[in-house]
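Student: I'd like a close look at one part of this protein, namely its nonpolar interior. Could you walk me through that?

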Amino acid sequence: MSAHPRLQQLVARAREHARHGVPRLALVHPCDGLALEAAVAIAREGIGQPLLVGDREAIARAADAAGVSLADLEVVHSEGGAPGAARHAAGLARDGAVAA
């Protein structure tokens, strides 16, 4: 993980909150390596259960390109690009399926 001091503080706070239950977090349209690496880090650090919301094929292509395994990550397919993924994730949050 990065040595950035503010990031370390945020992760420490998230770990403390996760002691009371690890939240499901929707990552909207995670179609690049940075977003997918963040999802893996969130899961690895135990601070959240990432739910990748977007076009399943686009997410898989981005994961392949970045060398990121999706084996331990849940993907929820949505259509309509980033706007469609955002609408889908907002609905998941509204329905209580994700915390954020």
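Student: Which residues make up the largest nonpolar core?

Tutor: Keep in mind that this is a predicted model. The largest nonpolar core is a set of 10 residues: Leu27, Leu36, Ala39, Leu52, Ile59, Ala62, Ala63, Val68, Leu73 and Val75. Two helices, H2 (33-45) and H3 (56-66), each put at least two residues into this core. The top contributor is H3, which gives three. Pick out Ala62, one of the core residues. Leaving aside residues up to four places away in sequence, Ala62 touches Cys31, Asp32 and Leu36, and Leu36 belongs to the largest core as well. There's also another core, lying apart from the largest one; it has eight residues, including Ala26, Leu51, Val53 and Ala85.

Now zoom out to the whole chain. You'll find four helices and three strands, and along the sequence they run α-β-α-β-α-β-α. The radius of gyration is 14 Å, close to the 13 Å the globule rule gives for 100 residues, so the chain is as compact as a globular protein of that length. Its C-alpha trace spans about 35 × 35 × 20 Å along the principal axes. As for how much is tucked away, 32% of the 100 residues count as buried. Take the contacts between residues at least 6 apart in sequence: 61% of them join residues at least 24 apart. On the outside, the chain exposes about 6100 Å², with carbon and sulfur atoms supplying 54% of that.

Terms used
Residues numbered from 1 in each chain as written. Predicted model: local features only at pLDDT ≥ 70, side-chain atom pairs only at ≥ 80, totals over all residues. Heavy atoms only, no water. Rg over C-alpha atoms; globule rule 2.2 N^0.38 Å. Buried < 20%, exposed > 50% of the residue type's maximum accessible area, 1.4 Å probe, protein only. Contact = heavy atoms within 4.5 Å. Areas by Shrake-Rupley, 256 points an atom, 1.4 Å probe, with all protein chains shown as cover. Core = buried A, V, L, I, M, F, W, Y, C linked by side-chain atoms within 4.5 Å.
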